[in-house]
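This briefing introduces one protein model to a reader who is beginning to study structure. Please keep the sequence and the three-dimensional view at hand while reading.

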Amino acid sequence: MTSGQKLLWRLFSVYGFLYVLLYAFYILIITVVHSSYSRVSIPAVLLPFILLLLLELVLWKRTYGDLKIEREVKTKIKVITIVGSIPLLICTLMLTLNEYKSIFTTEKWLNNISERVYMVDDLLNDHNLNGKTKKEVTNLLGTPTETEYFKTENNIVYYLGDERGLISIDSEWLVIEFDNSEKVKKYMVVTD
């Protein structure tokens, strides 16, 4: 191997180390923040893998010609590609699972009480609660949580789960206030 090829392999090794650290960081962030598919998460997860493939292509082109070295490099590149795709697949699966958990359905809302915190944004985006009657709200969300937190005469409260974020000390709640004709006039997500 020439000195240029050795330098390329050293640079590739440094990138491999950074690649592993970056995907470990991504896995941590996806877990803590409960990230799902977005304009930021998809390119962020794909970009390091694409760069890995480009670096492999450069290595491949630099060793082209010498058959013995070419076979060794081809084998190494295949192994690196397979192993390098594992963190990408893990992140993709985690984003997919988080996306599924954050989609609101009445059945999931009723059966997964501690995961409501992930569904509440989808609920509020897809279902305009303003103007709905108390009966319509309870048909959609089930029986309100029996609690004294944030409870007043003209509201109902739903427990959502542990507070989102890195350190979740408090709980999140959906508070829905009604007017005198028992129609929703205001709703908010609050922490205790």
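In this structure, which is a predicted model, I176 stands opposite Y187 in strand 3. Strand 2 (171-178), which pairs with strand 3 (184-191) in the antiparallel sense, also pairs in the antiparallel sense with strand 1 (155-162). The points below begin with these strands and continue with the nonpolar cores, the salt bridges, helix 2 and the residues with a positive phi.

**Strands**

- Strand 2 and strand 3 are joined over seven bridges, and in strand 3 the bridge partner of E172 is T191.
- Strand 1 and strand 2 are likewise joined over seven bridges, with N155 standing opposite E177 in strand 2.
- Strand 2 is largely enclosed by the rest of the structure, because seven of its eight residues are buried.
- The hairpin of strand 2 and strand 3 has five residues between the strands.

**Nonpolar cores**

- The largest nonpolar core has 18 residues, and those that touch the most other members are W109, L123, V137, L141, Y158, L174 and I176.
- Two or more residues of this core come from each of helix 5 (116-126), helix 6 (134-141), strand 1 and strand 2.
- Helix 5 gives the most to this core, namely five residues.
- A second core, separate from this one, consists of 17 residues and includes F12, V45, L59 and L88.
- Leaving aside residues up to four places away in sequence, W109 touches F104, R116, M119, V120, L123, L141, Y158, L160 and L174.

**Salt bridges**

- Side chains of opposite charge can pair when their charged atoms come close.
- The model has three salt bridges by the rule used here.
- One of them joins the side chains of E115 and K101, with a distance of 3.7 Å from N to O.
- E115 lies in the loop between helix 4 (106-111) and helix 5, and K101 lies in helix 3 (residues 67-101), so this pair ties together parts that are 14 residues apart in sequence.
- E115 is partly exposed, with a relative accessible area of 24%, and K101 is also partly exposed, at 24% relative accessibility.
- Another salt bridge joins the side chains of R164 and D121, at 2.8 Å from N to O.
- That pair links distant parts of the chain, 43 residues apart: R164 is in the loop between strand 1 and strand 2, and D121 is in helix 5.
- R164 also forms a salt bridge with E172, where the closest N and O atoms are 2.9 Å apart.
- D121, R164 and E172 are thus linked in a network of salt bridges.
- Within this network, E172 is buried, with a relative accessible area of 6%, whereas R164 is partly exposed at 32% relative accessibility and D121 is partly exposed at 39%.

**Helix 2**

- What span should the 22 residues of helix 2 have at 1.5 Å a residue? The expected value is 32 Å, and the end C-alpha atoms are 33 Å apart, which agrees.
- Helix 2 (41-62) bends by about 30° at L47, and a proline, P48, follows within four residues.
- An α-helix has 3.6 residues a turn, so residues three or four places apart point the same way.
- The buried residues of helix 2 are S41, V45, P48, F49, L52, E56 and L59.
- V45 and L59 also belong to the second core.

**Residues with a positive phi**

- Most residues other than glycine have a negative phi.
- H34 has a phi near 60°, a positive value in a residue other than glycine.
- H34 is placed in the loop between helix 1 (3-33) and helix 2.
- Is H34 buried or exposed? H34 counts as buried because its relative accessible area is 14%, under the 20% cut-off.
- E182 also has a positive phi, of about 60°, although it is not a glycine.
- E182 is found in the loop between strand 2 and strand 3, and it counts as partly exposed at 44% relative accessibility.

Terms used. Residues are numbered from 1 along each chain as its sequence is written. This is a predicted model: local features need pLDDT of at least 70, side-chain atom pairs count only at pLDDT 80 or more; totals for chains, interfaces and linings use all residues. Side-chain values use heavy atoms; hydrogens and water are left out. A nonpolar core is a set of buried Ala, Val, Leu, Ile, Met, Phe, Trp, Tyr and Cys residues joined through side-chain atoms within 4.5 Å. Buried means under 20% relative accessible area, exposed over 50%, partly exposed in between (1.4 Å probe, protein chains only). Contact means heavy atoms within 4.5 Å. Two strands pair if DSSP finds at least two bridges between them. The expected span of a helix is 1.5 Å times one less than its number of residues. The bend at a residue is the angle between axes fitted to the seven residues ending there and the seven starting there. A salt bridge is a side-chain nitrogen of Lys or Arg within 4 Å of a carboxyl oxygen of Asp or Glu.
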